[in-house]
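Below are some notes for your review, set out as numbered points. Please read them alongside the coordinates.

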Amino acid sequence: MTSDESPSQTAQTAEAAGVRQSTQVAIIGAGPAGLLLGHILGQAGIDYCILEARDKEYVLGRIRAGVLEQDSVDLLAKYGLDADLKANGLTHHGIYLQHEGERHHIDFAELTGRTVTVYGQQALVHHLVAEHERLGSQLIFEATDVQPTQIESTETESTHDGDRASVAYTAPNGERITLDCDYIIGADGYHGVCRRTFPEGTLDVAERVYDFAWLGILADVAPSTDDLIYALHRDGFAMHSMRSSTVSRLYLQVSPDDDIANWSDERIWAALQTRLGTEGWTLTEGPITEKSILPMRSFVVSTLNYGRLYLVGDAGHIVPPTGAKGLNSAIADVALLAEALQAHYAGDDTGLEQYSDKALDRQWKVQHFSQWMTDMLHVHPADGSAEQTAFDFQRQLGQIRYVTSSHAAQVSLAEQYAGLPFVDAR
């Protein structure tokens, strides 16, 4: 929908489309959320179609998050989508918190009986796409000029009675198609069309933009650690993660307006050696195969639902990556919405009516944890004030020392990092 076009005008445009098709649920976006939702609905006998604006190669090539909470792993196993995860995922029992050359292990398994699994989002998407192709799913890449229309319900006694919604799009062969459906799911990310389809005045946004960014690299070298390392250093945050037993993923705090061209491989490794270094431990270096700078923000909309349109994942909320919550938040939305849609087709709309409130209730808890981790572990530029920066750094050292010495604080961190419940979060 263009900025000067009302929903009703867009609906008229869609009505003029020459080809009409039908499904029960139209999913816009073939990221992990959209792909996973399609699989769950399909197994429940609910018809769906997934529309993706990008080509298949682009979707498979996107490099994103790589830590799955316990519930994310369990959900994939529940629907038989964990074959590659079991073969290639790396189970981790905790994380290390590091400061001033001291490294402390937070043992999730011991503290909560739960673990996390390192498994790249890229690998998950590969597996989900392959399974859709094996099943012959309606997964359409290069579906351009997508326009959700008729999202308002014609309300009678039920919020979900009335005319069907529709999605107009241009197929790869250039044909303009209108897809009639019961519901539209916006799994199309922060820059997608679905959130912008909400009528003016129905959606408020809460946002925080951070004054630092992450420089991330992939390196063809075996990890130098058994669990992820989060380090606060006077030069800035650093993190050692991994993608497999032979590929390491590492991060450095940088300025959001920095240029990746300023960071040679030699400079990156030198900074990582400094910020992650501890006595008696060695960071093994290797060829860097990918590097980029990731700006950091928090973003949450006031509602994930308008009429027959529902948002999941980055379309409705974004967290800074420090607490590894972005992908898991999207999966949590999918778990909740999939259950609600199944209940709807069995005659119960309660889940759909409560979806936004429940998902956002969980999301704000996740936002709290992500900001807490981010603020604790990053050096904060304080408008050029050396005194304020020095104060903040000493306060952060106090915070980490408390967490690493308090059993109660470690339980709280472990409970949140390993993941809050997906369904019935309240």
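**Notes on the model**

1. Glu100 sits in the loop between E6 and E7; helices (H or I, at least four residues) and strands (E, at least two) are DSSP runs, numbered from the N terminus. The model is predicted: local features need pLDDT of at least 70, side-chain atom pairs count only at pLDDT 80 or more, and totals for chains, interfaces and linings use all residues. Residues are numbered from 1 along each chain as its sequence is written, and side-chain values use heavy atoms, with hydrogens and water left out.

2. The strands on either side of Glu100 form a hairpin, with two residues between E6 and E7. Their pairing is antiparallel and runs over six bridges; two strands count as paired if DSSP finds at least two bridges between them. Gln98 has Arg103 in E7 as its bridge partner. In the turn, Glu100 has a positive phi of about 50 degrees although it is not a glycine. Glu100 counts as partly exposed because its relative accessibility is 39% (buried is under 20% relative accessible area, exposed over 50%, partly exposed in between, with a 1.4 Å probe and protein chains only).

3. A second non-glycine residue with positive phi is Glu142, at near 55 degrees. Glu142 lies in the loop between strand E9 (139-140) and strand E10 (144-149). With a relative accessible area of 41%, Glu142 is partly exposed.

4. E6 and E7 belong to an open sheet of eight strands, in the order E7-E6-E15-E16-E17-E14-E18-E21, with mixed pairing. Strands E7 (102-107) and E21 (317-318) are the edges, each pairing on one side only. Within the sheet, strand E15 (residues 228-232) and strand E16 (residues 238-242) run antiparallel and are joined by three bridges. Ile229 is partnered by His240 in E16.

5. Two helices lie across parts of this sheet. Helix H9 (residues 265-276) lies across E6, E7, E14, E15, E16, E17 and E18, at about 85 degrees to E17. Helix H12 (residues 386-405) lies across E6, E7 and E15, at about 140 degrees to E6. Axes are lines fitted to C-alpha atoms, for helices over the stretch in contact, and angles run from 0 to 180 degrees between N-to-C directions; contact means heavy atoms within 4.5 Å.

6. Is Thr23 buried or exposed? Thr23 is buried, at 4% relative accessibility, and is placed in the loop between strand E1 (19-22) and strand E2 (25-28). Not counting residues up to four places away in sequence, Thr23 touches Asp47, Tyr48, Cys49, Arg164, Leu179, Asp180, Cys181 and Asp182. A polar atom of the Thr23 side chain lies 3.2 Å from the backbone nitrogen of Tyr48.

7. Arg176 is in strand E12 (residues 176-181) and is partly exposed, with a relative accessible area of 22%. The side chain of Arg176 makes polar contacts with the side chains of Gln147 (3.2 Å) and Thr170 (2.9 Å). A polar contact is a pair of N or O atoms within 3.5 Å; within protein, one must be able to donate a hydrogen and the other to accept it, and residues adjacent in sequence count only if both atoms are side-chain atoms.

8. Helix H13 (residues 407-418) has 12 residues and reaches 16 Å from first C-alpha to last, close to the 16 Å expected (1.5 Å times one less than the number of residues). Buried residues in H13 include Ala409, Leu413 and Tyr417. Gly419, just after H13, takes a positive phi of about 120 degrees.
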